[in-house]
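Reader: I am in my first year and would like to look closely at a single part of this model. Could you choose one part, set it in its surroundings and walk me through it slowly?

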Amino acid sequence: MLAREKEVRNTFRRFMAENLDRWDWQAAHVPSPLTKEVEESQAVKQAEKDAKRKAKAKELKKLRKAKEKAKQSTVRVAPSRQQPSSSFAAPISKEEEEKRALAEEREKRAGAAERRIAAMQNKGCAAGFADDIPCSCCNSSLAGKIPFHRYHYKYCSTTCMHIHREILEDG
Ligand SMILES: [Zn+2]
């Protein structure tokens with residue numbers, strides 16, 4: 001009862017087992033004899049426990065590994081699984097194809113309209129550059145030049161613009 005360590009208690013109990021009549025063990029508070037048979041059976045039990053624990057640990061490890069493998073394989077399999085499923089959904093994909101075709105058609109038409117507008121704007125630009133229209137003052141070609149404007153007249157230079165204004169005002 002006073003011995004803190006198990007091995008010390010066991011020593012008392014072992015001695016009790018071999019000397020049951022030599023002491024009042026109950027008064028000494030040594031609870032029970034520790035015989036060789038008991039110790040052996042305890043050792044066997046302990047060994048069995050250990051073996052069980054080991055087996056359990058091994059199984060857990062196996063399970064964990066299997067789970068990880070399954071995870072990895074699903075990750076790897078996932079994209080290849082999607083392909084057949086999408087090709088299986090033939091009616092939906094056909095509908096989608098038609099939708100896509102319509103969208104493409106719309107885009108083509110929108111693109112054509114845009115090109116037409118751009119062409120018109122280009123023409124306007126060309127008019128702005130006044131390829132064919134000469135300077136309203138000196139009659140020189142305005143090709144490739146950005147003309148100066150005054151009312152509906154176009155000039156090759158500010159000089160021409162001022163001269164023409166004076167001519168108009170004089171007239
Ligand atoms: Zn001019």
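Author: Of the 171 residues of the chain, 11% count as buried, and please keep in mind throughout that the model is a predicted one. The chain has 4 helices and 2 strands, and, read from the N terminus, these elements follow one another in the order α-α-α-β-β-α. Among contacts between residues at least 6 apart in sequence, 12% join residues at least 24 apart.

The part I would choose is residues 133-166, a span that an unreviewed UniProt entry annotates as "domain: Vms1-associating treble clef". In the model this span is 26% helix and 18% strand, and the C-alpha atoms at its two ends lie 21 Å apart.

Let us begin with the zinc ion, whose protein donors are the SG atoms of Cys135, Cys138, Cys156 and Cys160, lying 2.2 to 2.3 Å from the ion. Along the sequence these donor residues follow the spacing C-x2-C-x17-C-x3-C. The 4 donor atoms form a tetrahedral site around the zinc ion, with angles of 103 to 115 degrees among them. For comparison, the ideal angle for four tetrahedral donors is 109.5 degrees.

How buried or exposed are the donors Cys156 and Cys160? Cys160 has a relative accessible area of 8% and is therefore buried, since buried means under 20%. Cys156, at 21% relative accessibility, counts as partly exposed, because that value is not under 20% and not over 50%.

Two of the zinc donors lead us on to the nonpolar residues of this part. The largest nonpolar core has 5 residues, and Cys135 and Cys160 belong to it together with Leu142, Tyr155 and Met161. Tyr155 is a good residue to pause at, for, leaving aside residues up to four places away in sequence, Tyr155 touches Cys135, Leu142, Cys160 and Met161, and also Ser136, Cys137, Pro147, Phe148, Arg150 and His164.

The last name in that list, His164, deserves a closer look of its own. His164 lies in helix 4, which covers residues 158-170, and it is buried, with a relative accessible area of 10%. A polar contact of 2.5 Å joins the side chains of His164 and Tyr155. Beyond its sequence neighbours up to four places away, His164 touches Tyr153 and Tyr155, and it also touches Ser136 and Cys137.

We can now turn to the loop between helix 3 and strand 1, where Pro134 is found. Pro134 is partly exposed, at 32% relative accessibility, and its contacts beyond four places in sequence are with Asn139, Ser140, Leu142 and Lys154. Although Pro134 and Tyr155 are 21 residues apart in sequence, their C-alpha atoms are 7.7 Å apart in space.

Asn139, which Pro134 contacts, also has its place in the loop between helix 3 (90-129) and strand 1 (148-150). With a relative accessibility of 58%, Asn139 counts as exposed, because that value is over 50%. Asn139 also has a positive phi of about 65 degrees, although it is not a glycine.

Finally, it may help to set this part beside another stretch of the chain, the loop between helix 1 (6-18) and helix 2 (36-88), where His29 lies. His29, like Asn139, is not a glycine and yet has a positive phi, in its case of about 60 degrees. His29 is partly exposed, with a relative accessible area of 45%.

Trp25 lies in that loop between helix 1 and helix 2 as well, and at 9% relative accessibility Trp25 counts as buried. The contacts of Trp25, not counting residues up to four places away in sequence, are with Phe12, Phe15, Met16, Asn19, Leu20 and Val30. From Trp25 to Phe12 the distance is 9.7 Å, C-alpha to C-alpha, and the two are 13 residues apart in sequence. Asn10, in helix 1, is likewise buried, at 9% relative accessibility, and its C-alpha atom is 9.8 Å from that of Thr35, a residue 25 places away in sequence.

To return to the chosen part, the picture to keep is of a zinc ion held among Cys135, Cys138, Cys156 and Cys160 as donors, of a nonpolar core that includes Cys135, Cys160 and Tyr155, and of a side-chain polar contact that joins Tyr155 to His164.

Technical notes:
Residues numbered from 1 in each chain as written. Predicted model: local features only at pLDDT ≥ 70, side-chain atom pairs only at ≥ 80, totals over all residues. Heavy atoms only, no water. UniProt positions renumbered as here; feature names shortened; annotations may be inferred. Buried < 20%, exposed > 50% of the residue type's maximum accessible area, 1.4 Å probe, protein only. Polar contact = N/O pair within 3.5 Å; in protein donor to acceptor, adjacent residues only side chain to side chain. Contact = heavy atoms within 4.5 Å. Donors = N, O, S within 2.8 Å, 3.2 Å for Na, K, Ca; no water. Tetrahedral: all angles 85-135°; square planar, octahedral: opposite > 155°, others 65-115°. Core = buried A, V, L, I, M, F, W, Y, C linked by side-chain atoms within 4.5 Å.
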